[in-house]
Structure formats: C-alpha cells, structure tokens
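This report covers one helix and the charged pairs of the structure shown here.

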Amino acid sequence: MKTLALSMLLTLAIGAYTPARAQGPYDRRADAHKDIQSALTEAQADGKLVLLDFGANWCLDCIVLSHLFEDQTVHPFLEHNFHVVSIDVGNWDRNLDVSQQYGGPIENGIPAIVILAGSGDVIASTKNGALAEARTATAREVLAYLKTWVTQKPTHAAR
C-alpha cells in the first residue's frame, strides 16, 4: 500500500512538472538568427536600433550587465531606443557563427554588445572588450554607452 501511494504521488509530481524558464538572461534554447531577424524587422518599422547582447549565464559580468539593463536609470532609455536580443554563447560553443557574422565581438570577452541599424548594418561594437568587466560598471556608465550608440544611428534610420 505504501509503495502504491508513493508511486501515485511520484506519477502526479512528474505529470505536473513543467520545465522552468532558463536560469539567467541567456536562453540556450533561443534561436539567435530568428530573434535577430525579428528585431531587425521591428526596427525597420519603428526606427529603433537593435542591441545584440552576447553572453552566458555562468558569466558574472554578463549577469551584472543584464541587471544594469533593468535598472530604473537605464531601462526606460533602453526600451525606448532598442530592441534587445540576448545571445547565449554557452561555454564558447553556442552561436559562434552569429558572433562571426557581426565581426567577432566576443573575442575579447563577454558580455559583448553589437548595435545594429534596422538595415542590419553594424553601428557599434564592444569588440575591444569594453564591457568584459561589467561588474565594475554603474547604471550611469551603461546609460552613457547607450546614449553614445543612439547618437551614432544613421539619419535614415531615425524616427
């Protein structure tokens, strides 16, 4: 009887299980190519820029940057001016083709950012590793980066 009750409980628990969302800001199941194309389509329609955020959930600096993107100082500006695509590079074994497509921004560390116009043209990149130590950054510094990138937007991409 005890075994039957335990079996039933285990069956119910397994049946009710639904996988949790990926831990961290980088979804290993996401299709980066599809997500970038969707963001570019939206950017062509609304004049925003596309921000490609290359990182991994094991990377402290990547996690810190994702939290800074949610900061009340940064988030409204980010939301108003960018379509953000988070791209998981895993343990340097995922989406490396995407990184290469945009000039290899991860070569000097992650997180790495690439800014695209709606046309897909690269406007800016942190290929120099500028954000590789994001744990030392402040929300104001991240906001300053974002503002600099927005000023580089081509005039034909303006709203």
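A polar contact is a pair of N or O atoms within 3.5 Å; within protein, one must be able to donate a hydrogen and the other to accept it, and residues adjacent in sequence count only if both atoms are side-chain atoms. Helices (H or I, at least four residues) and strands (E, at least two) are DSSP runs, numbered from the N terminus.

The model is predicted, so local features need pLDDT of at least 70 and side-chain atom pairs count only at pLDDT 80 or more, while totals for chains, interfaces and linings use all residues. Residues are numbered from 1 along each chain as its sequence is written, and side-chain values use heavy atoms, with hydrogens and water left out.

**Helix H2**

Helix H2 spans residues 32-46, 15 residues in total, and reaches 21 Å from its first C-alpha to its last. That is close to the 21 Å expected at 1.5 Å a residue, where the expected span is 1.5 Å times one less than the number of residues. At the N-terminal end, aspartate 31 acts as the cap of H2, with a side-chain oxygen 3.2 Å from the backbone nitrogen of histidine 33. After H2 comes glycine 47, with a positive phi near 80 degrees.

Buried means under 20% relative accessible area, exposed over 50%, and partly exposed in between (1.4 Å probe, protein chains only). In H2 the buried residues are Ala32, Ile36, Ala39, Leu40 and Ala43. They cover an arc of only 105 degrees around the axis, so they sit on the same side of H2; the arc is that of the directions from the helix axis to the C-beta atoms. An α-helix has 3.6 residues a turn, so residues three or four places apart point the same way. Lys34, Gln44 and Ala45 are exposed on the other side of H2. The buried residues pack against strand E1 (49-55), strand E2 (82-88), helix H5 (96-101) and strand E3 (112-116), contact meaning heavy atoms within 4.5 Å.

**Salt bridges**

A salt bridge is a side-chain nitrogen of Lys or Arg within 4 Å of a carboxyl oxygen of Asp or Glu. The structure holds four, including those in the table.

| Acidic residue | Basic residue | N to O distance |
|---|---|---|
| Aspartate 61 | Arginine 135 | 2.7 Å |
| Aspartate 88 | Arginine 94 | 2.7 Å |
| Glutamate 107 | Lysine 127 | 3.8 Å |

Aspartate 61 lies in helix H3 (residues 60-70) and arginine 135 in the loop between strand E4 (122-125) and helix H6 (139-151), so this pair ties together parts 74 residues apart in sequence. Aspartate 61 counts as buried at 5% relative accessibility, and aspartate 88 counts as buried at 5%. Glutamate 107, by contrast, counts as exposed at 51%, and lysine 127 as partly exposed at 35%.
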